[in-house]
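Me: Can you walk me through this structure? I'm new to this, so keep it short.

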Amino acid sequence: MKLYAHVFGEGVPFLILHGFLGMGDNWKTLAKKISEYGYQIHLIDQRNHGRSPHNDDFSYEIMASDLLGYCNEHHLKKITLLGHSMGGKTAMFFAVKYPQITDKLIIADIGPKYYPLHHQDILDGLSSLDFDVLKSRGEVDKALSEYVKDVGVRMFLMKNLFWKEKGKLGLRMNLDSLIKNSSEIGMELSENSVYQGETIFLKGEKSNYILEEDVNRIKKQFPNSQIREISNAGHWLHAENPDEFLASLLGFVKN
């Protein structure tokens with residue numbers, strides 16, 4: 001599968017993988033700052049997200065293979081790889097399978113463990129949208145608010161809106177496939193999978209995605225890793241405290 005990506009900057013290839021229901025563009029503001037430190041940024045849309053192709057097959061193994069195909073297509077021999085949430089899980093699967101390509105690994109607010117499904121309200125809300133009736137972003141926001149109370153989360157989801165044709169909105173993601181395969185999102189990295197390369201896990205201070213009891217497993221599977229907490233931030237740590245996130249990230253990759 002040929003993945004869509006927005007590429008800019010010059011230097012070391014730095015690939016960024018977004019989270020569930022997101023797209024590469026979610027990272028544009030922060031990525032522009034990263035590019036100033038000698039990196040060629042690749043904001044990648046994973047399959048069934050953003051502008052990348054839609055397909056009924058969906059798992060972390062498949063998404064890691066998609067990423068290998070992307071690296072081969074762009075002749076990327078060594079990459080710095082950053083993934084957030086679902087993208088972080090893809091990045092872990094990729095690094096374990098293709099350590100010769102992965103130079104440095106940055107995982108944003110996700111661990112290798114299994115996570116129970118917790119996006120049902122969001123999926124129900126997105127499924128309920130009837131674009132024959134809803135004709136503006138305001139109307140979509142109002143309809144979504146019945147299911148998703150958090151304004152920030154709604155704004156994030158509504159970045160998927162686009163004009164399919166004159167007067168007709170649609171969603172960029174392949175919602176049917178993502179609902180059908182939603183159980184795949186929480187899948188764990190097999191406990192005997194180990195990546196020996198340099199890794200940093202950045203966790204939000206207010207997030208519950210990486211807990212104290214997860215540290216031993218992280219250290220076992222990523223023995224050359226460090227875990228750093230980003231203050232005053234939840235799961236969307238790169239958006240909630242971008243300065244500290246960027247400083248921690250640069251401190252790691254430039255070391």
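Me: Is I41 buried or exposed?
Reply: I41 is buried, with a relative accessible area of 0%. Buried means under 20% relative accessible area, exposed means over 50%, and partly exposed is in between (1.4 Å probe, protein chains only).

Me: Anything I should know about the model first?
Reply: This is a predicted model: local features need pLDDT of at least 70, side-chain atom pairs count only at pLDDT 80 or more, and totals for chains, interfaces and linings use all residues. Residues are numbered from 1 along each chain as its sequence is written, and side-chain values use heavy atoms, with hydrogens and water left out.

Me: Back to I41. Where is I41 placed?
Reply: I41 sits in strand β3, residues 39-44. Helices (H or I, at least four residues) and strands (E, at least two) are DSSP runs, numbered from the N terminus.

Me: Which residues does I41 touch?
Reply: Leaving out residues up to four places away in sequence, I41 touches H6, V7, F8, F14, I16, A31, I34 and S35. Contact means heavy atoms within 4.5 Å.

Me: New topic. How do α2 and α3 cross?
Reply: Their axes come within 9 Å and cross at roughly 70°. Helix α2 covers residues 60-73, and helix α3 covers residues 86-97. Axes are lines fitted to C-alpha atoms, for helices over the stretch in contact, and angles run from 0 to 180 degrees between N-to-C directions.

Me: What do we call that angle?
Reply: α2 and α3 are therefore roughly perpendicular to each other. Angles under 35 degrees count as roughly parallel, over 145 as roughly antiparallel, 65 to 115 as roughly perpendicular and the rest as oblique.

Me: Which residues meet there?
Reply: From α2, they include Y60, M63 and L67. From α3, they include M86, F93 and K97.

Me: Now the loops. What is odd about H75?
Reply: H75 is not a glycine, yet its phi is positive, near 55°. Most residues other than glycine have a negative phi. H75 lies in the loop between α2 and β4 (79-84). H75 is exposed, with a relative accessible area of 61%.

Me: And S85, buried or exposed?
Reply: S85 is buried, at 10% relative accessible area. S85 has a positive phi of about 55° although it is not a glycine. S85 is in the loop between β4 and α3.

Me: Last one. How many helices and strands does the chain have?
Reply: The chain has ten helices and nine strands. Buried residues make up 54% of its 255 residues.
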